[in-house]
Each structure stands twice: as C-alpha cells, then as structure tokens.
Amino acid sequence: MSTHLAADAPSTFPPAASEPPPFAPDDFPADLLAAQRTAAELYAALHALQASLPWSREPHPGWPEVTERGREQPGREASPGWPQDAAAEFDRLLEELRAAAAAVQCHRWWKRCKAEGVTGAALVGARQRLKHAKGALPLARGDVDAAA
C-alpha cells in the first residue's frame, strides 16, 4: 500500500468548522408560541363575554340624547349592571390575560434577540409577527369546521 496517496488526501481531522445558521428572530420557541396562543384565546374569551354584558358594570340610569345648537351627544339607555357571576368571570379572565401577556412580553426569547443584535424596529417587528405565527393563533371557526 502506498502512503503517497494518504499524504495527498485532505485532512478530515479535526472536522471542518461549519458556520452556524444565522439567528432567525422569527424562529419562536414552542413555549413562547403557546403563551401567545393562550393570551389570544383569553383576549377573545374576554371580549366575547364583554359583548354579552350591558354597557355599565354597575347599575346606571343612562342619559338622554342631547341636540343643542349643533352639538349632538347620543344618549345611553339605562343599564341594570352586570350579574355578579359575570363580573367575577370577567375579573378572572382579565387577571389570566394579564399573566399571559406578561409571560409573552417577559419571555427569555426577547433577551436572546437583543443579544443577537435584534433591537429597535426589528425587535418590534418580531414581536408583531409572533401574533400571527403558526401555532400562536387560536383556532378560527373555519379551522374547526375543516378539522371536523
């Protein structure tokens, strides 16, 4: 066997250093996507509940419409206030939404983004794209119908 061929062969030890892929701020970790999805679901539930309730949490007599010298102010009908169980549910959902939003806003991913040089408008853009990322959105009615 000739050693000449072995000497001409390129060395494979140590292995050639491969460049790591560039940092992708939109490659969100699964726990951040789940936290954003939870926040979106809580937001939707809170607003659905709110839409089903009277305009005033406390009983209020409302006020009449006013049209005076060109100024128009729409009136409001009387409100019986919110039922106690609905008010408690609203408060619960709002507290859970605050905690979910804090989990998203304070996630370690944003610190990593800053460490990788993603700052300013680029960081704001990444935060906005998170809201529409796959896995961060709750199922829509069309999604449920398609899955069924």
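This report covers the fold, the helix packing and three buried residues of a predicted model.

## Overall architecture

The protein has 6 helices and 2 strands. Starting at the N terminus, the order is α-α-β-β-α-α-α-α. The two strands thus sit between helices on both sides in the order of elements.

Of the 148 residues, 24% count as buried. The accessible surface comes to about 11100 Å². Carbon and sulfur atoms account for 58% of that surface. Contacts often span long stretches of chain: taking pairs at least 6 apart in sequence, 68% join residues at least 24 apart.

## The H2–H3 pair

Helix H2 covers residues 30-51, and helix H3 covers residues 84-105. Their axes lie 9 Å apart. The packing angle is about 155°. An angle over 145 degrees counts as roughly antiparallel, and H2 and H3 are therefore roughly antiparallel to each other. The crossing of H2 past H3 is left-handed.

On the H2 side, the contact is made by Leu32, Ala35, Gln36, Thr38, Ala39, Leu42, Tyr43, Ala45, Leu46, Leu49 and Gln50. H3 contributes Ala86, Glu89, Phe90, Leu93, Leu94, Glu96, Leu97, Ala100, Ala101, Ala103 and Val104. By class, the residues of this contact divide into 17 nonpolar, 3 polar and 2 charged.

## The H4–H5 pair

A second packed pair lies further along the chain. Helix H4 runs over residues 108-115 and helix H5 over residues 120-130. Their axes are 11 Å apart, at an angle of about 145°. H4 passes H5 in a right-handed crossing.

H4 supplies Trp110, Cys113 and Lys114 to the contact. They meet Leu123, Ala126, Arg127 and Leu130 of H5. This contact holds 5 nonpolar and 2 charged residues, with no polar ones.

## Two buried residues of H2

Leu46 lies in helix H2. Its relative accessible area is 5%, so Leu46 is buried. Setting aside neighbours within four places in sequence, Leu46 is in contact with Phe90, Leu93, Leu94 and Leu97. Those four residues are among the H3 residues that make the contact with H2. Leu46 and Asp91 stand 45 residues apart in sequence, yet their C-alpha atoms are 9.2 Å apart in space.

Gln36 also belongs to helix H2. Its relative accessibility is 11%, and the cut-off for burial is under 20%, so Gln36 counts as buried. Beyond four places in sequence, Gln36 touches Val104, Leu130, Lys131 and Ala136. Val104 is one of the H3 residues in the contact with H2. Leu130 is one of the H5 residues that meet H4. The C-alpha atoms of Gln36 and Leu130 are separated by 7.5 Å, although the two residues are 94 apart along the chain.

## A buried loop residue

Ser56 lies in the loop between H2 and strand S1, which spans 66-68. At 10% relative accessibility, Ser56 counts as buried. Not counting residues up to four places away in sequence, Ser56 touches Ser79, Gly81 and Trp82.

Definitions and conventions: Residues numbered from 1 in each chain as written. Predicted model: local features only at pLDDT ≥ 70, side-chain atom pairs only at ≥ 80, totals over all residues. Heavy atoms only, no water. Buried < 20%, exposed > 50% of the residue type's maximum accessible area, 1.4 Å probe, protein only. Contact = heavy atoms within 4.5 Å. Areas by Shrake-Rupley, 256 points an atom, 1.4 Å probe, with all protein chains shown as cover. Axes fitted to C-alpha atoms, helices over the stretch in contact; angles between N-to-C directions. Parallel < 35°, antiparallel > 145°, perpendicular 65-115°, else oblique. Left-handed = near helix turned anticlockwise from the far one by under 90°. Nonpolar A, V, L, I, M, F, W, Y, C, P; charged D, E, K, R; others polar.
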